[in-house]
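Reader: I am new to this structure and would like a guided look. Could you walk me through it?

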Amino acid sequence: MTLEITDLHTHFATRAGTLRAVDGVSLSVDRGEVLGLVGESGSGKSVTGFSVIGLVDPPGRIVSGSIRFQGRELIGLKEPELRQLRGNRIAMIFQDPMMTLNPVLSIETQMVETVRAHAPVSHATARERARDALGQVGIPSPEERLAAYPHQFSGGMRQRVAIAIALLHNPDLIIADEPTTALDVTIQAQILAVVQRLARDRGTSLLWITHDLSVVAGLADRVAVMYAGRIVEAGDVDDVLDHPMHPYTKGLIGSVPSRNRRGARLAQIPGMTPSPLDRPQGCAFRTRCASSDAACAQEPPLTEPQRGRGLRCFHPAEAVA
Amino acid sequence: MSGALIELKSVSKRFGTPSGRLSRLFGQAPAPLVHAVDAVDLAIKPGEVVGLVGESGCGKSTLGRLVAGIHPPSDGTVLWRGQDRAGFDAPALKAARLGVQMIFQDPQSSLNPRLRVAEIIGEAPRVHGLIGPEGEDAYVDAQMRRAGLDPSLKRRFPHQFSGGQRQRIGIARALAVQPEMLVCDESVAALDVSIQAQIINLFLDLRAELNLTCLFISHDLGVVEHVSDRVAIMYLGRIVEQAPAEMVFSRPNHPYTQALLAEVPRLENRSTRFGAIQGELPSPLHPPTGCHFHPRCPHAMPRCRTDKPVLREIAPGQHSACHLNEMA
C-alpha cells in the first residue's frame, strides 16, 4: 500500500471557532492506482492532500489520525525528514502552476535545483534529467525551452512544466489538486494523457483531487466522495458511478447535464453545503437529503455494503450486485 | 434569416489600433492587432437558445459583447429586429440595449460591492422609468423571488451571499429591465456541480416562463448540449460549425468539433485514453493562414494552408467551414 490514511482530523482554529476541515478521513491508494477524491468547494479534499504532504500551515493543525506512506508514519515527522520525502518520493501538482513556479527564475534553474536537492549529481547531469522530464510531458524542443521563464509558457505548457518538476525524482505518489480545472478541454485531455501514461508505465500512485466527476470517470480506478470533511462513499469507479448508494453521490451524478434528458430540469440537490463552522449534527448531509429521518441525527457509521465499498449512510440506495 | 431577433452580418472586432502616420514617421513598430472576431454571421430567432462553444481566446466572449452592444463592431452590421443597430437614434438604441442583458461568469466582480442587493436590482428599472418610486420595493421583491432569492435579504451586500446566490442576484438584475434576450457568458462555469445544476434549472424555468432568447457562451460542452437549441463552435475568431444541438453532438462535421467532442470527459466513459488532439490554440495575434485549424487538423491538405474555408450548408440546418466537404 503506497498511502494509507486512517481517521485523519485536520482542524483550523479560527476566531469564530474550530473549523473541522478534515473530520475523520480514511482512504488508501495502492501502487500504480489512481484514486479520485471528489468533492465540492469546502469539502476538505484539498486540505486532505495538503495534510499528506505536510503543507498545512497554522492555524491549521493535524489533530489526530495516521498517514502512512509505504508503511512509514508521516504524522510527527520532523521537518528535515519530511523534506526528504517531499518533492522526492511524494510530489504535488497544484491547480495554478504559478504556485509551483518561481516567476523570476528560468525553468532550468528551478528544475536543476529540484534535482540536486535530492540527488548528488553534477549540474550537467541534473540539466539532462530536467530536459528529459520536459520531453516526457510533451513539451516541444525541451533543450531550448529550458532557458525560458514561466511567463513565456501558455497555461497548459506551464502545467506540463509543473508536472515535469513533480516527475523529476520518479515519485511513488503524486497528489494532484485540481490540476486541469483551469485548462481548456483539449489541453486538459493532453495533460490527462501524460498522467495516465505515467501511472501505467511507472507504477506511480495518484491521488487526484477534483470536483469533476467526469474526469474521474475516465481516469481513476477508485473514487472517494467527500462531503463536509468526511468521505461519504468510496469504491471502484464503475460501482460508485453506476450504482451510487449515498444520496449525495446520487445527487452529484444527477446534477451532471449529460445524465439528463436534453432541456429537462436537472436532478438538483436542494440547498447548499453547510458552513464548516456550523455543520448539522450527525450526518452532515441530512438537511439536504430527501431520505433523512430521525436516525440521521446520529453519526452514520462506516459500513461496507459490498467488497471494497465504503459508505456512511443510514438509508442507502440498494446496491445492484 | 428572416424573423431573427438579432442578426450579425459579417461582423468583425479588432483590438489594438493600426499605427498612425506620426508613429510610423518616428519608426515605431506597429501595435499588434488582434482579430478577436473575424467576419462572423450569426442569427438568433426569438425564443431560441444558441450555445457558443470554444476554447479560451477564441473570441466567444467578444462575440457575446458585440451581441450585447457593449462593443461596437469594427466591421459588419448588427441587425436588431431586422434594422441596423448602428443607424438607431438615441431612444431606439437605448431600447435595443435594454433588450439585451448580460450575465457574467464572476458575480463577485460584476456586482458593485458597495451597493445593497435592493439597489443593484432596482437601480436600472428605476432609472429607465420601468417602475415608479412607490412600486420599487414590491418590484425588487418580485424579481428576487423569481430568481429564487429570499426578498428579506435585500438589505444585504453581495459579499454576504454564496457564489450561487450571487449568480442569482446577477440573473435578477439582468431580468429586472425586462429584456428580450440574455447573453450568458460562462455564467455557471465558476460554480460547484450541485449549485451549477440549480442555476441551470433556474435558467430553464425562466426561459420557459419569459420566452427568453439567449446566447449561451460556455466552454463546457455538457452544459451547452443540455440547454441549447442550436450550437455554434468557434475557433480563433471564426465560427467553424453551426447546427441544431442534437446534430452537432451526434454528427459533428468539422474536424475541430469532432476533436473537441472526443476530448470531453463523460461519466459514461471509463478508463479513457486521453489525448487525441495535438498542439495548442495558436496566438490570435498571428493566426495561421487559410483554415485556422490546419496546424492541428489530422486531415489537413495543402489547400487548407492557403484558402480560407467558408461556412456553407452541408445538411439542412448544419453549416460547416471545412474544405473536406467539397471533396465528395
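Below, the reader asks and the author answers.

Reader: How are residues, chains and ligands numbered or lettered, and what kind of model is this?

Author: Residues are numbered from 1 along each chain as its sequence is written, while chains are lettered from A and ligands numbered from 1 in the order in which they are written. Local features need pLDDT of at least 70, side-chain atom pairs count only at pLDDT 80 or more, totals for chains, interfaces and linings use all residues, and the model is predicted.

Reader: What is the mean pLDDT of chain B?

Author: The term pLDDT is the predictor's confidence in each residue, from 0 to 100. In chain B, 94% of the residues reach 70 or more. For the complex, the predictor gives an ipTM of 0.78 and a pTM of 0.83. The mean pLDDT of chain B is 87.

Reader: In what order do the strands of the open sheet in chain A lie?

Author: Helices (H or I, at least four residues) and strands (E, at least two) are DSSP runs, numbered from the N terminus, and two strands pair if DSSP finds at least two bridges between them. The sheet has 4 strands with antiparallel pairing. Its edge strands, each paired on one side only, are strand 2 (17-29) and strand 5 (72-73) of chain A. The order is 2-1-4-5.

Reader: Which residue of strand 5 of chain A does A:R68 stand opposite?

Author: Strand 4 (residues 60-69) of chain A pairs with strand 5 of chain A in the antiparallel sense, over 2 bridges. The residue opposite A:R68 is A:E73.

Reader: Is the peptide bond from A:P58 to A:P59 cis or trans?

Author: A:P59 sits in the loop between helix 1 (45-53) and strand 4 of chain A. Omega for the bond from A:P58 to A:P59 is near 10°, and the bond is cis.

Reader: Why are helix 3 and helix 4 of chain A called roughly perpendicular?

Author: Axes are lines fitted to C-alpha atoms, for helices over the stretch in contact, and angles run from 0 to 180 degrees between N-to-C directions. The axes of helix 3 (residues 107-118) and helix 4 (residues 123-136) of chain A come within 9 Å and cross at roughly 110°. Angles under 35 degrees count as roughly parallel, over 145 as roughly antiparallel, 65 to 115 as roughly perpendicular and the rest as oblique. The crossing angle therefore makes helix 3 of chain A and helix 4 of chain A roughly perpendicular.

Reader: How do the residues of the contact of helix 3 with helix 4 of chain A divide by class?

Author: Two residues are in contact if their C-beta atoms, placed from the backbone, lie within 7 Å. A:E108, A:M111, A:V112, A:V115 and A:R116 in helix 3 of chain A meet A:H123, A:A126, A:R127, A:R129 and A:A130 in helix 4 of chain A. Ala, Val, Leu, Ile, Met, Phe, Trp, Tyr, Cys and Pro count as nonpolar, Asp, Glu, Lys and Arg as charged, and the others, Gly among them, as polar. The division is 5 nonpolar, 1 polar and 4 charged.

Reader: Which strands are the edge strands of the open sheet in chain B?

Author: This sheet has 8 strands in the order 6-7-8-3-9-10-12-11, with mixed pairing. From one strand to the next, the twist averages 25°. The edge strands, each pairing on one side only, are strand 6 (100-103) and strand 11 (312-315) of chain B.

Reader: Which residue of strand 8 of chain B does B:V49 stand opposite?

Author: Strand 3 (residues 49-53) and strand 8 (residues 213-218) of chain B pair in the parallel sense over 5 bridges. The residue opposite B:V49 is B:C214.

Reader: Which helix supplies the largest share of the side of chain B that touches chain A?

Author: In the contact between the chains, 36 residues of chain B meet 38 residues of chain A. Helix 8 (193-210), helix 9 (221-227) and helix 11 (255-263) of chain B each supply at least two residues of that side of chain B. By class, this side has 15 nonpolar, 14 polar and 7 charged residues. The largest share, 9 residues, comes from helix 8 of chain B.
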